[in-house]
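Student: Please take one part of this model and look at it closely. I would like to see how the helices there pack against one another, and how that part sits in the rest of the chain.

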Amino acid sequence: MSVLNAAQRKAVAELLRVSPVADELGRRFESAGHELHLVGGSVRDALLGALGDDLDFCTDATPEQTLAVVQGWADAIWETGREFGTIGVQKNGLRLEITTFRAEAYDGVSRNPVVVYGKSLLDDLERRDFTINAMAVSLPGHVFTDPYGGLADLAARVIRTPAAPSVSFGDDPLRMLRAARFAAKLRFTVDEAVISAMSRMAADLDRITAERIRDEFTKLLCAADPITGLRLLVDTGLADRFLPEVSGLKLEIDEHAQHKDVYEHTLIVVQNAIRLEGSAEPDFVLRMAALMHDVGKPATKAVGRDGRVSFHHHEIVGARLTKQRMKALKYPKDVISDVVELVALHLRFYGYGRGEWTDSAVRRYVTDAGPLLPRLHKLTRSDVTTRNKRKAANLAADYDALEERITRLEAEEDLARVRPDLDGNAIMELLGVPPGPIVGQAWRYLKELRLDRGPLSRDEAEAELFKWARDNGHLPS
């Protein structure tokens with residue numbers, strides 16, 4: 001049996017798993033006088049034995065004709081992609097996207113694709129980004145079409161473009177970022193000609209909207225092997241176009257000021273964070289915080305008289321840079337806030353092993369981290385990349401001790417919900433004041449006291465409140 005036949009049979013076996021839906025849809029198009037093909041990533045995934053529940057199809061039918069075919073058959077229909085030739089369908093738990101043959105291109109100036117309908121399946125496959133995504137299987141006939149050697153590239157685990165890379169990337173510069181993303185997702189090698197074009201044409205990425213870049217980069221960072229993708233972005237100069245802080249981690253190292261390679265350290269931290277995710281879904285917030293945790297170092301690098309390198313307050317600078325960059329990429333505010341907070345907090349643990357932390361300091365660590373505490377634990381542990389086994393073991397033991405101490409205090413004090421020992425209503429009643437700034441000031445004072453001293457009795461809390469009020473002129477002395 002040839003490789004081709006074996007792969008085709010594997011793809012058909014995967015297709016049968018989603019039958020009769022796919023073939024039933026194919027027969028409806030056939031009866032209406034139209035072609036229907038499973039295409040792109042769906043065929044690639046079928047050949048890899050990993051066909052999911054989101055299926056992509058292409059057809060010679062226009063969107064209006066597609067709607068006519070699926071009306072009364074689909075469980076649900078959506079038309080949000082209609083202007084791009086796509087009709088969405090849900091059937092038996094499967095999400096199907098059916099797109100009219102396309103010949104999509106950029107005019108070299110605008111940021112969004114100009115959609116032109118193609119005339120045939122070959123027209124459609126020619127405009128696909130990579131050969132491994134330029135294969136199709138007809139429905140219901142299951143005829144395999146592979147005009148650009150995608151099957152061979154899939155077997156060789158290589159990423160190539162159907163046309164010359166410069167033509168493909170000229171049509172849609174985002175494909176350069178997609179090449180890195182697929183390398184990260186599939187653990188494939190990118191063809192040298194493709195890498196060369198990515199380096200030459202990196203500046204063309206500036207034509208793409210921040211939202212499209214953001215979505216592609218998020219998929220890359222959440223892929224199985226983001227380190228491969230990140231290295232490609234930095235090595236080709238693509239990272240300089242939308243995430244220059246990562247490239248900037250390649251600090252100059254001279255014989256007078258030796259320090260660890262911050263860029264390589266960062267990639268290890270990302271890898272460590274992924275390992276600590278366990279079997280959970282990829283955690284973008286944790287991974288992004290790991291990637292950005294040291295971006296403040298280039299701006300804070302200093303060499304002392306003894307020749308030692310320092311990066312004082314790089315976590316503060318890094319948090320600011322991270323916020324600016326993620327805002328530019330249009331990430332949601334809550335995602336930005338979480339990543340920025342983790343970057344700002346990632347150094348707080350250091351010094352714990354010297355016995356300097358009181359229970360108050362531990363309470364503040366937990367309170368400041370809030371719901372991010374589990375991620376902060378993972379980020380802090382991931383940040384230990386020293387090759388000195390003794391130092392690494394000591395840091396791990398110190399953090400074990402901190403986590404045990406947090407667990408003990410949480411059991412005693414419910415640290416996750418630290419509140420003042422008196423609420424706002426009690427403050428107003430005791431001080432005889434209406435709602436307003438005085439209540440908020442008193443509440444914050446009592447919370448600080450709670451963090452410093454732990455839980456107070458009701459009598460202690462009231463005495464402290466009255467003392468604060470007298471000292472600040474809110475009660476007669």
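**Helix packing around helix 10**

Tutor: Helix 8 and helix 10 are roughly parallel to each other, because the angle between them, about 15 degrees, falls under 35 degrees. Their axes lie 8 Å apart, and the crossing of helix 8 with helix 10 is left-handed. This is a predicted model, and every value here is computed from it.

The residues that meet can be listed for each side. Helix 8 contributes Leu174, Leu177, Arg178, Ala180, Arg181 and Ala184. Helix 10 answers with Arg212, Ile213, Glu216, Phe217, Lys219 and Leu220.

Helix 10, which covers residues 210-221, also packs on helix 11. Here too the axes are 8 Å apart, but the angle is about 135 degrees. Helix 10 and helix 11 are therefore oblique to each other, since 135 degrees is not over 145, the cut-off for roughly antiparallel. On the helix 10 side the contact is made by Phe217, Leu220 and Leu221; on the helix 11 side it is made by Pro226, Gly229, Leu230 and Leu233. Phe217 and Leu220 thus appear in the contact with helix 8 and again in the contact with helix 11.

The next step leads from helix 11 (residues 226-236) to helix 14 (residues 262-276). Their axes come within 10 Å and cross at roughly 155 degrees. Helix 11 and helix 14 are therefore roughly antiparallel to each other, and their crossing is right-handed. Pro226, Ile227, Leu230, Arg231 and Val234 of helix 11 take part in this contact, together with Tyr263, Glu264, Leu267, Val270, Gln271 and Ile274 of helix 14. Pro226 and Leu230 touch helix 14 here and are also in the contact with helix 10.

Now for the wider setting. The largest nonpolar core has 111 residues, and Phe217 is listed with Phe57, Met288 and Leu291 as having the most contacts inside it. Helix 8, at residues 174-186, supplies the largest share of this core, nine residues. Apart from this core lies another, of 14 residues, including Ala426, Leu431, Val433 and Ala461.

Phe57 can be followed further. Leaving aside residues up to four places away in sequence, Phe57 touches Ala22, Leu25, Leu36, His37, Leu38, Val39, Leu96, Glu97, Ile98, Thr99 and Leu139. The last of these, Leu139, is joined to Pro140 by a cis peptide bond with omega near 5 degrees. Pro140 lies in the loop between strand 6 (136-138) and strand 7 (144-145).

Back at helix 8, the loop between it and strand 9 (189-190) holds Arg187. Arg187 is not a glycine, yet its phi is positive, at about 60 degrees. Arg157 likewise has a positive phi, near 60 degrees, and is placed in the loop between helix 6 (150-156) and strand 8 (158-159). With a relative accessible area of 39%, Arg157 is partly exposed.

For the whole protein chain, there are 24 helices and eleven strands. Of its 477 residues, 49% are buried. Of the contacts between residues at least 6 apart in sequence, 65% join residues at least 24 apart. The structure holds zero disulfides. As for individual cysteines, Cys58 counts as buried, at 0% relative accessibility, while Cys222 is partly exposed, at 21% relative accessible area.

Note on methods:
Residues are numbered from 1 along each chain as its sequence is written. This is a predicted model: local features need pLDDT of at least 70, side-chain atom pairs count only at pLDDT 80 or more; totals for chains, interfaces and linings use all residues. Side-chain values use heavy atoms; hydrogens and water are left out. A nonpolar core is a set of buried Ala, Val, Leu, Ile, Met, Phe, Trp, Tyr and Cys residues joined through side-chain atoms within 4.5 Å. Buried means under 20% relative accessible area, exposed over 50%, partly exposed in between (1.4 Å probe, protein chains only). Helices (H or I, at least four residues) and strands (E, at least two) are DSSP runs, numbered from the N terminus. Contact means heavy atoms within 4.5 Å. A disulfide is a pair of cysteine sulfur atoms within 2.5 Å. Axes are lines fitted to C-alpha atoms, for helices over the stretch in contact, and angles run from 0 to 180 degrees between N-to-C directions. Angles under 35 degrees count as roughly parallel, over 145 as roughly antiparallel, 65 to 115 as roughly perpendicular and the rest as oblique. A crossing is left-handed if the near helix is turned anticlockwise from the far one by less than a right angle, and right-handed if clockwise.
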